[in-house]
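Please open the structure in your viewer and keep the selection tool at hand. The tour below goes from one stop to the next, saying what to select and what is there.

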Amino acid sequence: MKASSRAACAVLLAAALLCGCSQTPQATARHRVAIVAKSTQTEFWLSVFAGAKAAGAEYNVDLTIVGPDAEEDYETQNQMVKQAVEDGAEVLVFSAIDYENNAPAIDQAARDGVKIVAIDSGVDSDAVSTYIGTDNYAAGQIAAKTALDQMEGELFVGFVNYDVNSANGQERERGAANQFTASLRAQICATINTLADAGTAKADTIALLTDHPEINVLVAFNEPTSVGAADAVQELGLSDSVFLVGFDSNVATVDGLQQGSVDALVVQNPYAMGYLSVESAYKLLTGQGASLAPVVDTSTLVVDRDNLFTLDSQKALFAFEERSN
């Protein structure tokens, strides 16, 4: 080969290598998605994170997960949103502690160019591209219908709810209240809003049942309040006289189902929430946002002593454990 030909080949090879090197960062760049949750401690949220991580691995997404220590701390959530934007998040997957007070931080993130996916609990912002979670009003209706179907006579109902500004808790309570009222044989005696903490919920439920001994139905609207309510019923020796419907899956409430302090659980699908939220984030970032529905209902399942050991119930109750093995 002539020297001039060898030189031309060398130039072309060098150019090809340079082009390849310059394209490598773009080809291997990973989209950045941040999850700002209500909590990082409960089994519900651990299952959400398991689903999110599975989708993150499938779609090659750089995923970060944060949440405050207390489910009432919306101010820390707002700071976490701001930090996620500063750290370069392209999509924010967000579960609002406070429907109204979280909205300014979400609106600002959207103005900064971040796309928003709401999960589990909505926020008062038009910037949300899609909401993924339970139809909370319908879930509340299901909780009430479960008690109505399984109990005879007049019902005296107590509600154990969490933060009064949390959209999902308030929707569940509204659905349950309307269903009970429509039955014409249920009276709502009292409602408490307690911390999303099992110990506090237990103490407050004991006070509720002490002040209203006529209550024969309790509905608790999330995992920590359900654990606390179950502990209260057991401690007061009311397992045979109070019908407790809780939400979500926890070792304590599943044990309560078997022992009698819990009568039914409305179990959500947190794994699907996590998976679909990250999948939706990826679609928003890859030009597929038009295919997203404004609302995605991840459904619920009622688990009681009659169906506790069926395959569907076991999958719903222990979704996180199955998929994390």
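Begin with the second largest pocket, which holds about 190 Å³ of space, and bear in mind throughout that this is a predicted model. To find the pocket, select T42, A196, D197, A198 and P224, which are the closest to its centre among the 15 residues that line it. Then add helix α8, residues 223-235, which gives the most to the lining of this pocket, with 3 residues. If you colour the lining of the second largest pocket by class, you should find 6 nonpolar, 4 polar and 5 charged residues.

For the next stop, select D62, whose place is in strand β2, residues 62-66. Is D62 buried, partly exposed or exposed? D62 counts as partly exposed because its relative accessible area is 30%, which lies between the limits of 20% and 50%. Leaving aside residues up to four places away in sequence, D62 touches R30, H31, R32 and V33. Select A29 as well, and you can check that its C-alpha atom is separated from that of D62 by 9.3 Å, although the two residues are 33 residues apart along the chain.

Finally, show two helices together: α2, residues 43-58, and α10, residues 270-285, which pack at an angle of about 35° with their axes 6 Å apart. The crossing of α2 and α10 is right-handed. On the α2 side, the residues to select include F44, V48 and A55, while those on the α10 side include Y271, M273 and V278. By class, the contact of α2 with α10 has 11 nonpolar, 4 polar and 2 charged residues.

Key: Residues are numbered from 1 along each chain as its sequence is written. This is a predicted model: local features need pLDDT of at least 70, side-chain atom pairs count only at pLDDT 80 or more; totals for chains, interfaces and linings use all residues. Side-chain values use heavy atoms; hydrogens and water are left out. On a 1 Å grid over the protein atoms alone, a cavity is a set of points where a 1.4 Å probe fits but cannot get out, and a pocket is an open set with protein on both sides within 12 Å along at least five of seven lines; lining residues have an atom within 4 Å of a point. Grid points are joined across faces, edges and corners, and a volume is the space filled by probe spheres set on the points. Helices (H or I, at least four residues) and strands (E, at least two) are DSSP runs, numbered from the N terminus. Ala, Val, Leu, Ile, Met, Phe, Trp, Tyr, Cys and Pro count as nonpolar, Asp, Glu, Lys and Arg as charged, and the others, Gly among them, as polar. Buried means under 20% relative accessible area, exposed over 50%, partly exposed in between (1.4 Å probe, protein chains only). Contact means heavy atoms within 4.5 Å. Axes are lines fitted to C-alpha atoms, for helices over the stretch in contact, and angles run from 0 to 180 degrees between N-to-C directions. A crossing is left-handed if the near helix is turned anticlockwise from the far one by less than a right angle, and right-handed if clockwise.
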